[in-house]
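Dear colleague,

I am handing over the structure below, together with an account of what was found in it. Please read the account with the coordinates open beside you.

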Amino acid sequence: MQLSLGELAQHLGAELRGDAGIMIRGVATLQDAGAGMVSFLANPSYRSQLAGSAASAVIVAADVADEAPCATLVVKNPYLSFALVTQLFDNRPQPRAGIHASAVIAASARLGNNVSIGPNVVIGEHCELGDGCEIGANTVISDHCVLGVGCILRANVTLYHDVVLGERVQIHSGTVIGADGFGFAPDKGRWHKIAQLGGVRIGNDVEIGANTCIDRGALGNTEIGDNVILDNLIQIAHNVKVGDGTAMAACTGIAGSTSIGKHCTLGGNAGVAGHLDIADGVHIAGKALISKSITEAGAYSSATPQMPMQEWRRNAVRFRQLDDMAKRLQKLEKSQEGKV
């Protein structure tokens, strides 16, 4: 696939500085781009690579356009424009509409127009798939599931019963939606299972990474809002609520019945305890442990920053001494009362 620079400029709404007839065949980094490639500069850390880039064109903000040695597409948000260009050159194999002969589909299931059903797919009773859905090989969609228009389930995805997806939801391989939540009642040294009677509800334009798990609700539903993005290897427990536009990086874990607000971000390996409320616009750093509710927007962290091993060991010893030091300080303060 090739597009002229003029066509790219029109698609992005960019100011073109250079030859509109230059043909572009792909996207690459500033360092790796060559003739026929378009690159971008969004992170100031890579500004030093701009002047030496061999790209045919670069996507840049206006304040650095004069530094480019080639044609430029000048935009307000270079990273967003880069994302839009990658969509034009998406090289993912496009499936053909149709149902593979090895698929097993219940007679009560209803399929929309132009769906693609891969090998060994299983679709249960009373399921509904909207127009243009794409279901990868070996995926299982259990009874009473609903998929909106344009959903994409990659190979080996599992939807348990009573899972509802909005429109244009994309779920990557190995992900399980609707498994039982971790609910057990202890009695005399034994655990008694709590039947998980709720479902899972996922909004529109959600993307869920590989090997992520979203558990069904114990009584009500686990709910994921619109335009949420979840990375690989994330655990969302039963009855969690995730607000619109929130993003979570890999290995994040959210315990049961916690509510995450709108437009939050959670860094990799962050953990949020159960039965908490996290306000809109909260940004949680990687490896942070959140053990109480957050009521105000802002950035929060709790993990120990990186430091040399010897320094960390000394600080770890001091950390264990904090309680004793605090008690000694309180005792000293009491002994000094009235002496000043």
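What follows goes through the sheets, the nonpolar cores, one buried loop residue, the cysteines and the largest pocket.

Please keep in mind throughout that this is a predicted model.

I begin with the two open sheets that have parallel pairing. One of them is formed by eleven strands, in the order β8-β11-β14-β17-β20-β25-β28-β31-β34-β37-β39, and the pairing is parallel. Its edge strands are β8, covering residues 98-99, and β39, covering residues 298-300, each of which pairs on one side only. As a sample of the pairing within this sheet, strand β34 (residues 265-266) runs parallel to strand β37 (residues 282-284) and is joined to β37 by two bridges, with Leu266 standing opposite Ile284 in β37.

The other is an open sheet of ten strands, again with parallel pairing, whose order is β9-β12-β15-β18-β21-β26-β29-β32-β35-β38. Here β9 (104-105) and β38 (289-290) stand at the edges with a single partner strand each, so that one side of each is left without a neighbour in the sheet. Within this sheet, strand β32 (residues 253-254) pairs with strand β35 (residues 271-272) in the parallel sense over two bridges, and Gly253 has Gly271 in β35 as its bridge partner.

A further group of paired strands lies earlier in the sequence and includes β2, β5, β6 and β7. Strand β5 (residues 37-40) runs parallel to β6 and is joined to β6 by three bridges, and the bridge partner of Val38 in β6 is Ala57. On β6 and strand β7 (residues 71-74), the pairing is likewise in the parallel sense, over four bridges; Ile59 stands opposite Leu73 in β7, and Val60 has Val74 in β7 as its bridge partner. Strand β2 (residues 15-17), by contrast, pairs with β7 in the antiparallel sense over three bridges, and Glu15 stands opposite Val74 in β7.

Which way do the side chains of β6 point? From strand β6 (residues 57-60), Ala57 and Ile59 point one way and Val58 and Val60 the other way, and all of them are buried. In a regular strand, side chains alternate between the two faces of the sheet. Strand β7 is also covered on both faces, with Ala71 and Leu73 buried on one side and Thr72 and Val74 buried on the other.

Turning to the cores, the largest nonpolar core has 50 residues, and those with the most contacts inside it are Leu147, Leu153, Leu159, Leu165 and Ile202. The strands β19 (163-165), β24 (200-202) and β37 each supply at least two residues of this core. Apart from this core lies another, of 17 residues, among them Ala9, Val38, Ala57 and Leu73. As for Leu153, if residues up to four places away in sequence are not counted, its contacts are Glu134, Ile135, Gly136, Thr139, Ile141, Leu147, Leu159, Leu165 and Ile171.

Val157 deserves a separate look, as a residue in the loop between β17 (152-153) and β18 (158-159). Is Val157 buried or exposed? With a relative accessibility of 0%, Val157 counts as buried, and, leaving aside neighbours within four places in sequence, Val157 is in contact with Asn138, Thr139, Val140, Ile171, His172, Ser173, Gly174 and Thr175. Val157 and Ala210 are 53 residues apart in sequence, while their C-alpha atoms are 8.9 Å apart in space.

How many disulfides does the structure hold? The number is zero. Cys127 is in no disulfide, and the nearest cysteine sulfur, that of Cys145, is 4.9 Å away; Cys127 is buried, with a relative accessible area of 0%. Cys251 is in no disulfide either, the nearest cysteine sulfur being that of Cys213, 12 Å away, and Cys251 is partly exposed, with a relative accessible area of 39%.

Finally, the largest pocket contains about 240 Å³ of space and is lined by Ala83, Thr86, Gln87, Asp90 and Glu207. The largest share of that lining, three residues, comes from helix α2 (residues 78-88).

With best regards

Methods. Residues are numbered from 1 along each chain as its sequence is written. This is a predicted model: local features need pLDDT of at least 70, side-chain atom pairs count only at pLDDT 80 or more; totals for chains, interfaces and linings use all residues. Side-chain values use heavy atoms; hydrogens and water are left out. Two strands pair if DSSP finds at least two bridges between them. A nonpolar core is a set of buried Ala, Val, Leu, Ile, Met, Phe, Trp, Tyr and Cys residues joined through side-chain atoms within 4.5 Å. Buried means under 20% relative accessible area, exposed over 50%, partly exposed in between (1.4 Å probe, protein chains only). Contact means heavy atoms within 4.5 Å. A disulfide is a pair of cysteine sulfur atoms within 2.5 Å. On a 1 Å grid over the protein atoms alone, a cavity is a set of points where a 1.4 Å probe fits but cannot get out, and a pocket is an open set with protein on both sides within 12 Å along at least five of seven lines; lining residues have an atom within 4 Å of a point. Grid points are joined across faces, edges and corners, and a volume is the space filled by probe spheres set on the points.
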